[in-house]
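Hi,

Here is the structure I promised to pass on. Have a look at it first, then read my notes below.

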Amino acid sequence: MPTMKDAILGHLSYSVGKDPDHAQTRDWRMALSHAIRDRIVDSWFAATRATYAAGAKRVYYLSMEFLIGRLLQDGIVNLELLDDVQEAMAGLGLDFDTVVHDEPDAALGNGGLGRLAACFLESLSTLGCPAHGYGIRYEHGLFRQSISEGRQMEAPETWLDEPHPWEFERPEVRYRIGFGGVVAEAGRTATWSPAEAVMAQAWDTPVVGWKGRWANTLRLWSGRAEHGFDLDRFNRGDYAAAAEPEAGARTLSRVLYPDDTTEQGKELRLKQEYFFTAASLADILRRFDSEHGDLRALPAKVAIQLNDTHPAIAGPELVRLLHDERKMSFADAVENARGVLNYTNHTLLPEALEAWPESLMGKLLPRHLQLIDRIDQLHAKENPTRKVSARSGGQVRMGELSFIMAQKVNGVSALHTDLMKTTVFKELHRLHPERIVNETNGVTPRRWLHTCNPRLSALITEAIGEDWVADLEKLKALEPHLDDASFLERYAEAKTANKAELSDFLSEHMGLNLDPTWMFDVQIKRMHEYKRQHLNIIEAIALWQAIREAPNAGWTPRVKIFAGKAAPGYFFAKDIIRLINDVAHVVNADPKTRDYLQIAFLPNYNVTLAERLIPAADLSEQISTAGKEASGTGNMKFALNGAPTIGTLDGANVEIRDRVGAENFFLFGMTADEVVARRELDGHAAKAIAADPRLKRAVALIRDGGFSPGEPDRYAHIAANVSGHDYFLVASDFTDYWRAQREADAAFADQTGWRRMAALNTARSGWFSSDRTIRGYMHDIWGAKALL
């Protein structure tokens, strides 16, 4: 293996085609990426050989999203090459940070679902569990968000405008994926003849674990035309039509979550879900055949995890492959499919459990609709007392289908799992009481502390050694150090330096001049009513009004930082973004309050921005309506990096509070049971507003156009929602939220106590490692073993 410097120079010449005198930052970054990839490939090949030699059970993780972020620094850190790379960069006269930060984020996800999948792949590699991730190679991701006059604007992501140095194209790995057509039945057999087809082509990215001891594969599918360019049409002058097949096929892998408010959007989404699921299952069976052959061994050698309902079509598709194509009996096909399939539920929102119109399913996947009926009939026969079906009300219900076809169904926090049993899957849990298990989410400490927060990581390693990077629960050993005032001082210095870096970033990009001694109060997540960004901004308005009335009342200076994307068709969430920006415009310019309160909305939230924000945060906003957030992982990242939580008893907040200590968590709001009871109270929102003058004034100012004088009615619907139906109970939780915020103010003012509180959050968050979560899946669900 050449030295790092020689490897970089070699790739600059022979992979990038540049000489050092003419190379730009991008060229150096590509050369460095290839040099790092070379070393990852060695681990990748070794892991593949070891898996085949052992005949080991393999795990397959199917997800619509893999929010992997930048991979260059991740690879350098996991291979423990940071010192070598920095030395090589310096020797070449280059700035390491400039080169590394030139890398674009891979636009393969949106929020927690995709980031969880990425953490899981890294932990699977760290633990040495043979695994593949399967998804879609989106050309343009979700969208690139910008803000214009306060509004969210959407443009396509352009991360693939340049070569992605981490992936390997696999033109030989292609599968034909059909849609529509007819089904010919003859007795107990059926033949599906699709009316149209596209090809799914594979692209592989190796995912390396800690210390480079193992690497697994992320295989992504891109859409390609079955027959490609139509030269005959082109030669007849019909140039646009000649390219139609390729353009139509590529549509399947262009955009994550196309707007499904139109019939065309719904059709494209279902096509995408079947496209990647069918290709993945075909690939899994091909690999199984190459090793084993006997399909009865499938459950012993294969475990498939469905990340939410997006790949739920895997049940009927695997039955189709086994029954229609491999001639297994229908009952045996269902039994074998159920022996390998497992389903992770991520939501308690009924509207988020996918349901497809029977007409659409029958149009696109006619054979699958038949098989869903047969699966449902078999389940009804096996469970004659059941009161639920996978197909009802003209809809195919993918949550119920996933449950029926799964060996295990897991929730992602203790509260969420318990609520699954009593709400969305109450009837199915009654029928199958052994099927639901809990696997509380976790995050990879390599990215979410060791890499993104090098100052704190170095301090921890100096205090307790480096073993915590691979065994996060060793952070408990920090607790004795918290009695040392000098350690807490250095802990605070690391946080202040992170805040100063963020302040410089906000100054450069948003014109905000912030003092790093202020409280940095951060809410960064997908925009949704249940996550209640509008509760946060209403409290900010009330705080601004209170400061204006009594500017000398000893307020704790704070900046409220928001970031997150709203789905293009989710207009209420987009209006919340606009409201936040309009409020910021007024508040930040107010000479009476700007020394105590500032508000910032940072556009285009992604992994890289999170890596900048989380280490600098003082207070973590986890304020969803109790009973609505399945788990969350941002809450874990903030706690790990020393930001105490202000939050409800929702999702993993419950477990975070239990572990860090109630005295190190700012709790507010109703419990999940109290939420249900409160909704039954007539006029609950109006009563809450009448009882709290602060809330009443803030809502009135929104309603009357106080932040939109040129368009007074702009936010009347938000005020009406909070005052009226208020399903997510913003008004009812406001008063207690205000109380908790003022408690946080007082605690932050006592910096000695705050430092200890923050450090205790770090020391007691070790349980929230994705390594621990994956060990749970391996033992409780997959029956898989590590090969390290």
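**What I found**

The largest cavity has a volume of about 220 Å³. Of the 18 residues lining that cavity, L71, D74, P206, V207 and V208 are the closest to its centre. Three elements each give two or more residues to this lining: α3 (72-78), α6 (112-127) and β8 (196-208). Sorted by class, the lining has 10 nonpolar, four polar and four charged residues.

Before going on, some background. This is a predicted model, with residues numbered from 1 along each chain as its sequence is written. Local features need pLDDT of at least 70 and side-chain atom pairs count only at pLDDT 80 or more, while totals for chains, interfaces and linings use all residues; side-chain values use heavy atoms, with hydrogens and water left out.

A few terms, too. On a 1 Å grid over the protein atoms alone, a cavity is a set of points where a 1.4 Å probe fits but cannot get out, and a pocket is an open set with protein on both sides within 12 Å along at least five of seven lines; lining residues have an atom within 4 Å of a point. Grid points are joined across faces, edges and corners, and a volume is the space filled by probe spheres set on the points. Ala, Val, Leu, Ile, Met, Phe, Trp, Tyr, Cys and Pro count as nonpolar, Asp, Glu, Lys and Arg as charged, and the others, Gly among them, as polar. Helices (H or I, at least four residues) and strands (E, at least two) are DSSP runs, numbered from the N terminus.

**More spaces**

The structure holds five cavities of 30 Å³ or more. The second largest has a volume of about 70 Å³, and the residues lining it include K525, Q622, E629 and D650. That lining has one nonpolar, six polar and four charged residues.

Then there is the second largest pocket, with about 870 Å³ of space. It is lined by 28 residues, and Q73, H101, T451, C452 and P454 lie nearest its centre. Helix α20 (454-464) is among the elements supplying at least two lining residues, and α20 gives the most, with four. By class, the pocket lining has 10 nonpolar, eight polar and 10 charged residues.

**Cysteines**

How many disulfides (pairs of cysteine sulfur atoms within 2.5 Å) does a search of the whole structure find? Zero. For C119, the nearest cysteine sulfur is that of C452, 11 Å away. The sulfur of C129 has its closest cysteine sulfur in C119, at 16 Å, which is too far for a bond. C119 is buried (under 20% relative accessible area; exposed is over 50%, partly exposed in between, with a 1.4 Å probe and protein chains only) at 1%. C129 is buried as well, at 0%.

**Two loops and a sheet**

E149 has a positive phi near 50° although it isn't a glycine. It sits in the loop between β3 (144-148) and β4 (151-155) and is exposed, at 65%. D308, with phi near 80°, is in the loop between β10 (302-307) and α12 (314-325), but is buried, at 10%.

Lastly, an open sheet of three strands runs β12-β14-β13 with antiparallel pairing (two strands pair if DSSP finds at least two bridges between them). β12 (355-357) and β13 (391-392) are at the edges with a single partner strand each, so one side of each has no neighbour in the sheet. Three bridges join β12 to β14 (residues 395-397), and P357 has Q395 as its bridge partner.

Cheers

How values were computed: Disulfide = S-S within 2.5 Å.
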